[in-house]
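Colleague: I'm new to this one, and I'd like a close look at a single part. Pick a spot inside, please, and walk me outward from there.

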Amino acid sequence: MSAFLAMLQRELRLALRGGGDVLTLMLFFVIVGAIVPFAVGPDQTLLASIAPGIVWIAAFLAMLLGLERLFRPDHEDGSLILLRHAELPLSAAIAAKLIAHWLVTALPLLLASPILALLLAMDLASFWRTLISLSLGTPALAAFGAIGAAVTVPIRHGGLIAPILIAPLSVPVLIFGVGAITSPQSGAAALFLAALSLMAVALAPFVAAFAIRSAED
């Protein structure tokens with residue numbers, strides 16, 4: 001456990017060393033949502049009806065920004081080879097990376113979501129459902145992103161390929177995420193979303209570790 005916590009602290013320290021990355025992520029998330037009102041017009045009723053989908057698409061695109069730094073720096077400086085032979089299992093090290101990735105990518109989006117809710121004319125009830133939906137679904141996006149980053153880590157410019165690989169996996173997350181906000185059966189959609197995140201987070205470290213071992217071998 002101490003090795004796992006040390007790994008988590010290392011990843012958070014490295015991720016937060018460039019503090020501007022978190023701010024850039026939040027600005028990108030807000031800007032993507034802010035552009036939409038200019039495209040669809042000032043109709044607040046229309047904006048409110050499509051706001052959940054806009055928020056989820058903005059969150060998905062924003063979380064793609066951090067994929068390149070998830071494994072690439074460790075691959076380039078040889079740290080991945082050391083992690084393979086460390087006392088801490090590689091899957092546990094990747095789990096620490098996954099948690100840190102969620103904390104520095106998804107958590108800032110949750111903090112910035114009230115700004116986007118105001119821009120998209122969301123009512124208070126829809127905003128709270130959106131916040132819960134993002135909290136339940138973004139771990140799955142982070143997990144799928146980790147798998148995509150691990151598969152493409154030996155490929156030059158793999159950061160351009162990873163989004164293509166994880167986009168099909170992320171479609172159910174977006175469907176249930178929006179359904180948890182707008183569907184009459186929003187409670188059931190939220191449960192499916194939570195189950196999907198739990199399954200993805202549980203499996204992603206092992207899948208990513210297998211992909212990294214295969215790439216290094």
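Modeller: Let's start with the second largest cavity, which holds about 50 Å³ of space. On a 1 Å grid over the protein atoms alone, a cavity is a set of points where a 1.4 Å probe fits but cannot get out, while a pocket is an open set with protein on both sides within 12 Å along at least five of seven lines. Lining residues have an atom within 4 Å of a point. Grid points are joined across faces, edges and corners, and the volume is the space filled by probe spheres set on those points. As for why a probe is used, rolling one the size of a water molecule over the atoms shows where empty space is left. By this rule there are two cavities of 30 Å³ or more.

A word on what you're seeing: this is a predicted model, where local features need pLDDT of at least 70 and side-chain atom pairs count only at pLDDT 80 or more, though totals for chains, interfaces and linings use all residues. Residues are numbered from 1 along each chain as its sequence is written, and side-chain values use heavy atoms, with hydrogens and water left out.

Back to our cavity. Its lining is made by Phe 60, Met 63, Leu 64, Leu 67, His 101, Leu 141, Ala 142, Gly 145, Ile 166 and Ser 170. Helix 3 (44–64), helix 7 and helix 8 are the elements that give two or more residues to that lining. Helices here are DSSP runs (H or I, at least four residues), numbered from the N terminus.

Take Ser 170 as your way in: this lining residue sits in helix 8. Ser 170 counts as buried because its relative accessibility is 1%; buried means under 20% relative accessible area, exposed over 50%, and partly exposed in between (1.4 Å probe, protein chains only). Setting aside neighbours within four places in sequence, Ser 170 is in contact with Phe 60, Leu 141 and Phe 144, where contact means heavy atoms within 4.5 Å. Two of those names, Phe 60 and Leu 141, also appear in the cavity lining.

Now follow helix 8 (residues 158–182) to the surface, where it gives the most to a nonpolar patch, with three residues. The patch is about 420 Å² and is made by Val 151, Ile 155, Leu 160, Ile 161 and Leu 165. Such patches are made of residues with over 30% relative accessible area and no salt bridge; nonpolar side chains (Val, Leu, Ile, Met, Phe, Trp, Tyr) are joined within 5 Å, and like charges within 9 Å. The areas come from the Shrake-Rupley method with a 1.4 Å probe, and for residues only the protein chains shown count as cover.

Leu 165, in helix 8, is partly exposed because its relative accessible area is 42%. Ile 155 lies in the loop between helix 7 (124–151) and helix 8, and at a relative accessible area of 34% it is partly exposed too. Beyond its neighbours within four places in sequence, Ile 155 is in contact with Arg 72 and Ile 161. For a sense of scale, Ile 155 and Ala 39 are 37 Å apart, C-alpha to C-alpha, and 116 residues apart in sequence.

For something open, try the largest pocket, with a volume of about 240 Å³. Of the 14 residues lining this pocket, Glu 11, Leu 14, Ala 15, Arg 69 and Leu 70 are the closest to its centre. Helix 1 (2–17), helix 4 (68–77) and helix 6 (90–119) each give two or more residues to the pocket lining, and helix 4 has the largest share, five residues.

Glu 11 is worth a pause. At 9% relative accessibility, Glu 11 counts as buried, and Glu 11 forms a salt bridge with Lys 97, the closest N and O atoms being 3.1 Å apart. That pair links distant parts of the chain, with Glu 11 in helix 1 and Lys 97 in helix 6, 86 residues apart. A salt bridge is a side-chain nitrogen of Lys or Arg within 4 Å of a carboxyl oxygen of Asp or Glu. Lys 97 is buried as well, at 3% relative accessible area. Glu 11 also meets Arg 10 in a salt bridge (2.4 Å, N to O), and Arg 10 is partly exposed at 24%. The structure holds two salt bridges, and they link Arg 10, Glu 11 and Lys 97 in a network.
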